[in-house]
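Please open the structure in your viewer and set it to a plain cartoon, with side chains hidden for the moment. The stops below say what to select next and what is there.

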Amino acid sequence: MAATMSGLLGMIFSGGPSMEWLTLWPRQFIIAWPIAFILTMFAWPASMALAGKALRPRPDRATSQAS
């Protein structure tokens, strides 16, 4: 994902595919990968906890749906 995003955004901001973009992309990827990894370490557990809370059945609805 970091390779795709750094490549696409680099291409957009440099004006399209060119030798300049191709020479800058590896550096942008080296910067983007650790940032994406660290953010994932925090965002994934938080998003899983949020999804668990949002999808947990509520006690008042569990009894009314069963009958």
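**The whole chain**

Begin with the surface of the protein, whose accessible area comes to about 5,800 Å², with 75% of this belonging to carbon and sulfur atoms. Please keep in mind throughout that this is a predicted model. Of the 67 residues of the protein, 9% count as buried. Returning to the cartoon, you will find three helices and zero strands, and reading along the sequence gives the pattern α-α-α.

**Helix α1**

Select residues 2-14, which make up helix α1. The 13 residues of this helix should span 18 Å at 1.5 Å a residue, and the end C-alpha atoms are indeed 18 Å apart, so the expected and the computed span agree.

Now show the side chains of the helix and ask which residues of α1 are buried. They are Ala 2, Ser 6, Gly 7 and Gly 10. If you look down the axis of α1, these buried residues fall within an arc of 120°, and they therefore line one face of the helix. The partner against which the buried residues of α1 pack is α2, residues 19-55.

Before moving on, select Gly 15, which comes just after α1 and takes a positive phi of about 95°.

**Two aromatic pairs in helix α2**

Next, show the aromatic side chains, among which the structure holds two aromatic pairs. For the pair of Trp 21 and Trp 25, the ring centres are 5.1 Å apart and the planes meet at 20°, which is under the 30 degrees that counts as stacked, so this pair is stacked. Both Trp 21 and Trp 25 lie in helix α2, where they are four residues apart, about one turn of the helix. An α-helix has 3.6 residues a turn, so residues three or four places apart point the same way.

Are Trp 21 and Trp 25 buried or exposed? Trp 21 counts as buried because its relative accessibility is 11%, under the cut-off of 20%, whereas Trp 25, at 28%, counts as partly exposed.

Further along α2, select Trp 33 and Phe 37, which form an aromatic pair that is also stacked, with 5.3 Å from centre to centre and 10° between the planes. Trp 33 and Phe 37, too, are four residues apart in helix α2, about one turn of the helix. Here Trp 33 is partly exposed, with a relative accessible area of 47%, and Phe 37 likewise counts as partly exposed, at 42%.

**The annotated stretch**

Colour residues 30-51, which UniProt lists, in an unreviewed entry, as "transmembrane region". Over residues 30-51 the chain of the model is 100% helix and 0% strand, and the end C-alpha atoms of the stretch are 31 Å apart.

**Arg 27 and Ser 6**

For the last stop, select Arg 27, which is found in helix α2. Arg 27 has a relative accessible area of 57% and is exposed. Then add Ser 6, one of the buried residues of α1, and draw a distance between the two C-alpha atoms: Arg 27 and Ser 6 are 21 residues apart in sequence and 9.3 Å apart in space.

Methods. Residues numbered from 1 in each chain as written. Predicted model: local features only at pLDDT ≥ 70, side-chain atom pairs only at ≥ 80, totals over all residues. Heavy atoms only, no water. Expected span 1.5 Å × (residues − 1). Buried < 20%, exposed > 50% of the residue type's maximum accessible area, 1.4 Å probe, protein only. Arc of directions from axis to C-beta. Contact = heavy atoms within 4.5 Å. Phe/Tyr/Trp six-rings, centres within 6.5 Å; stacked < 30°, edge-to-face > 60°. UniProt positions renumbered as here; feature names shortened; annotations may be inferred. Areas by Shrake-Rupley, 256 points an atom, 1.4 Å probe, with all protein chains shown as cover.
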